[in-house]
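Q: Please take a close look at one part of this protein, the strand at one edge of the sheet with mixed pairing, and then place that part within the rest of the fold.

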Amino acid sequence: MRRSEASNNETSLGEDRYVAGILFIFSAPSGSGKSTLVSELRKQVKDVDFSISWTTRPPRGSEENGREYHFTTKEEFERMVGEGQFLEHAQVFGNHYYGTARQSLDEARRVGHDLLLDIDVQGAAQVRSRMPEAVSIFVLPPTPKVLRTRLRNRMRAEGDVNEAELYRRLSEAAKEIENYREYSYILINDILDRAVAQLEAIVLAERYYRNAEPIAYRSSRVLEVAAGCRLSNSRERLKPVLEAFGIEGGNGQQQLPFGDDPDDD
Ligand code: ADP
Ligand code: 5GP
């Protein structure tokens, strides 16, 4: 995903209230298609900025410093933590730090745009507790097998299929999914076009409800689609996905095709 940031040299306002636009938090197990959805959304909807996170993990594939992430060292990251530069930060997949700089919020505020954070479940919990007005969206892959295929395909495309890393990310998936109840909206990324339309509807509906911003086309349909994605209306859609991941009475994660059968994708 190519994320963008408005440039700005102002210092942080140091406030955790997001005054100018809507703050969207976007979480998903790695490989669910979050970056793909965000990049498609940006083609359809104007004035949504994406916060470029800081991370201590090394760049993957064609990633560039300052585009997908600000890549940095552990020492530098810890110094930034000490200086209070992060709105939230977390250790993800064990040993790498990821964090959202407060500066990203300041920049979006300055230009009056909505801001989208692509962060893990730990970071999302931190942001929600500081900024309860944030809108949170959880993205799920339809099945564990689809998730494994997407992760492996992405690794292939990046030229580095690392089975240990693949297994680690898959093992984390069910644990992350257990947090779905904390989110305002649920997206199941099965058919890409449908998931993109749902995401777009959520953004437009929130703008309509919060800012009374008119919806240019088929407004009742947009509001209906967004309402259908609300957590409270997602029970039926969620059931088979949760069961497949061994959550809430499913078959159990140990029976899922994680990590084995590398050639059956
Ligand atoms: P994430 O950002 O959640 O880690 P990505 O957006 O990188 O995931 O997607 C992982 C892989 O799955 C990519 O190769 C992407 O092209 C593919 N993908 C994403 N969404 C879909 C979809 N709905 N159908 C098929 N493939 C998808
Ligand atoms: P990846 O290494 O695949 O880019 O990302 C791994 C995980 O880190 C994803 O779940 C992603 O959402 C999360 N992540 C990316 N940036 C941040 C951040 O700034 N803060 C937190 N808490 N998680 C992040």
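A: Strand 5 (residues 86–92) is joined to strand 6 (residues 96–101) by 6 bridges, and the two run antiparallel. Helices (H or I, at least four residues) and strands (E, at least two) are DSSP runs, numbered from the N terminus, and two strands pair if DSSP finds at least two bridges between them. The model is predicted: local features need pLDDT of at least 70, side-chain atom pairs count only at pLDDT 80 or more, and totals for chains, interfaces and linings use all residues. Residues are numbered from 1 along each chain as its sequence is written, chains are lettered from A and ligands numbered from 1 in the order in which they are written, and side-chain values use heavy atoms, with hydrogens and water left out.

At one end of strand 5, Val92 stands opposite His96 in strand 6. The hairpin of strand 5 and strand 6 has 3 residues between the strands, and among them Phe93 takes a positive phi near 55°.

Strand 5 is largely enclosed by the rest of the structure, because 5 of its 7 residues are buried. Buried means under 20% relative accessible area, exposed over 50%, and partly exposed in between (1.4 Å probe, protein chains only). For the protein as a whole, 49% of the 265 residues count as buried.

Strand 5 belongs to an open sheet of 4 strands in the order 4-3-6-5, with mixed pairing. Strand 4 (70–71) and strand 5 are the edge strands, each pairing on one side only. At the strand 4 edge, strand 3 (residues 54–55) pairs with strand 4 in the parallel sense over 2 bridges. There, Trp54 has His70 in strand 4 as its bridge partner.

The protein has 9 helices and 9 strands, and another open sheet takes 5 of the strands, in the order 2-7-1-8-9 with parallel pairing. Its edge strands are strand 2 and strand 9 (185–188), each of which pairs on one side only. Neighbouring strands of this sheet are turned by 25° against each other on average, direction ignored. Strand 8 (residues 135–140) runs parallel to strand 9 and is joined to strand 9 by 4 bridges. Leu140 stands opposite Ile188 in strand 9.

Helix 7 lies across strand 1 (23–27), strand 2, strand 7 (114–118), strand 8 and strand 9, and runs at about 160° to strand 9. Axes are lines fitted to C-alpha atoms, for helices over the stretch in contact, and angles run from 0 to 180 degrees between N-to-C directions. The axes of helix 7 (residues 192–211) and helix 1 (residues 34–44) come within 9 Å and cross at roughly 60°. Residues of helix 1 in this contact (heavy atoms within 4.5 Å) include Leu37 and Leu41, and those of helix 7 include Leu199 and Val203.

The loop between helix 1 and strand 2 (48–50) holds Asp47. Asp47 has a positive phi of about 65° although it is not a glycine. With a relative accessible area of 41%, Asp47 is partly exposed.
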